[in-house]
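Here is a friendly walk through one protein model. Keep the sequence and the 3D view at hand as you read.

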Amino acid sequence: MKKIFLDLGMQPLANNFSTKYIPASFRLKLKFDTNSKLVMISKHMKKEKMFNKSYPYRSSKSKLVHKLFRNLSKKIKKKLKPKNILEIGCNDGVFASNFDRKKITCIEPCEDVAIEAKKKGLKVYVNYFDNKLVRKLINSHQKFDLIFSANTLTHISNYKEVFSNISKILDDNGTVIIEEPSLLETIKKNSYDQFYNEHIYVFSTIALKNILKEHKLEIYDIENIPVHGGSNRYYIKKKNNKKLRFSQNYKKNITIEKQYKLHNFSSYKKFSFNVQKSKKNFISLLNNLKKDQRKIIGYGASAKAVTVLNYCNLKEDYFDFFYDTTKQKIGKFLPGTKIKVKEYKQLKDNKIYVFLGAWNFAKEILEKEKFFLNNSGKFITHVPFPRILKKN
Ligand code: JHZ
């Protein structure tokens, strides 16, 4: 049975940046499946509407992403020594570029993003990861001893098809590594903005374990990584592969999630209460600043920021503009609002208040904006609760 626990109101497609104002178009609710323990959004958009030629997100925009992928690829080469790698959802090729081009095949459905990966010399199928493509791979006798996917599998609505296909093309001794935002971190940080149209699921280890079982796959190790607001890197194998052993860290993650009762609906009711409280307090914080005639801007026109602003109904009356470094977002409206995204300039005006739309990169951003901070510039965040950041 699926039970609704939170209503995030009317939302737009979170990456639909456009020069025209596009109002919010669908109601976003969150559900918990009492059987699989999976948490998901209630409405699934057509993939062609979300992931197409104009998709703006580029993984290469973050230094942290580069660093984590570089370190992971070193570890993979040393420990797993793969001969034939598949990356599902390679974006602009930040992970895949760390490997010998002959050893890696990529899949990326968003054409313009795929072009950027191809420019790095990578072999890219400009396709969705679906039955048709998997048949093509099987017909060309391709099996992979490493399948990697970061922030992609939870973007595909039919997870049963995804894992069934993965199990078909995975070598019997192979490993699947997937990175996805952690549900535990989402709950702990009250970061409800992890839920938007692209994030159809946010996995707990408990739920992922349950859904993999059907496909004779199992998690054997987990790394908790600091990217995208707190993610998990899951190492998965075929059930019959007895060479790879369950790690202590896998067991620890399951234990902690059980302590937080991620398998119980009551935890999501509590989360829902906390999220509504966060909305109330965030609105009141911005109202107070506006009463004092403060100028507020946003920093990082992330999908998460779009979700927060639409949920809290804090739009162009509150924010003058958003800064972002992504070419594809600049000059466009933040979806569901009339707030323009401007090309990033280093912060100088210490009278403005700056909302961290990319709060997950707070460390990187605060480091970059030392001048602003040292001159009493103020950052605002809503994670884990709405407040003006104090200088350390
Ligand atoms: P960022 C996207 O979510 C979409 P978003 C997607 N669905 C997903 O799963 C995650 O990524 C992984 C900008 N920025 O990464 C760049 C600056 O301007 O949190 C981005 O537009 N200056 C695939 O959109 C945005 O902020 C900076 O210094 O929530 C951050 O978006 C930095 C560091 C970022 O992902």
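## A loop residue and its contacts

Leaving aside residues up to four places away in sequence, I156 touches F129, V162, I200 and Y201. The model is a predicted one, so please read what follows with that in mind. I156 sits in the loop between strand 7 (144-150) and helix 5 (159-169).

Is I156 buried, partly exposed or exposed? Its relative accessible area is 22%, and because buried means under 20%, I156 counts as partly exposed. I156 also has a partner in space from far along the chain: K47 is 109 residues away in sequence, yet the two C-alpha atoms are 7.7 Å apart.

## The sheet with strands 1, 2, 3 and 9

Next comes an open sheet of 4 strands, in the order 1-2-3-9, with antiparallel pairing. The edges are taken by strand 1 (2-11) and strand 9 (201-202); each has a single partner strand, so one side of each lacks a neighbour in the sheet.

Within this sheet, strand 2 (residues 26-33) and strand 3 (residues 39-41) run antiparallel and are joined by 3 bridges. If you would like a pair to look for, F32 stands opposite V39 in strand 3.

## Strand 5 and its neighbours

Strand 5 (residues 104-107) is covered on both faces. I104 and C106 point to one side, T105 and I107 to the other, and all of them are buried. In a regular strand, side chains alternate between the two faces of the sheet.

Which strands pair with strand 5? Strand 4 (residues 85-88) pairs with strand 5 in the parallel sense over 4 bridges, with I104 as the bridge partner of I85. Strand 6 (residues 123-125) also runs parallel to strand 5, joined by 3 bridges, and here I107 stands opposite Y125. Strand 5, helix 3 (residues 111-118) and strand 6 together make a right-handed β-α-β unit.

## The buried side of helix 7

In helix 7 (residues 205-213), the buried residues are T205, I206, A207, L208, I211 and L212. What do they pack against? Their partners are helix 5, strand 8 (170-181), strand 10 (217-225), strand 11 (231-238) and helix 8 (248-259).

## The six-stranded sheet

Another open sheet has 6 strands, in the order 14-13-12-15-16-17, with mixed pairing. Strand 14 (341-343) and strand 17 (387-388) stand at the edges, and since each has a single partner strand, one side of each is left without a neighbour in the sheet.

Inside this sheet, strand 12 (residues 296-299) and strand 15 (residues 353-356) pair in the parallel sense over 4 bridges. Y299 has L356 of strand 15 as its bridge partner.

## Helix 9 across the sheet and against helix 10

Helix 9 lies across strand 12, strand 13 (319-324), strand 15, strand 16 (378-381) and strand 17, and runs at about 150° to strand 16.

Helix 9 (residues 265-291) also packs with helix 10 (residues 303-312), at an angle of about 80° and with the axes 10 Å apart. That angle makes helix 9 roughly perpendicular to helix 10. On the helix 9 side, the contact is made by V275, Q276, K279, F282 and I283, while helix 10 brings V308, Y311 and C312. Sorted by class, this contact holds 6 nonpolar, 1 polar and 1 charged residues.

Terms used:
Residues numbered from 1 in each chain as written. Predicted model: local features only at pLDDT ≥ 70, side-chain atom pairs only at ≥ 80, totals over all residues. Heavy atoms only, no water. Axes fitted to C-alpha atoms, helices over the stretch in contact; angles between N-to-C directions. Helix = DSSP H or I, 4+ residues; strand = E, 2+ residues; numbered from the N terminus. Parallel < 35°, antiparallel > 145°, perpendicular 65-115°, else oblique. Contact = heavy atoms within 4.5 Å. Nonpolar A, V, L, I, M, F, W, Y, C, P; charged D, E, K, R; others polar. Buried < 20%, exposed > 50% of the residue type's maximum accessible area, 1.4 Å probe, protein only. Pairing = 2+ DSSP bridges. Right-handed = clockwise from strand over helix to strand, strands pointing away.
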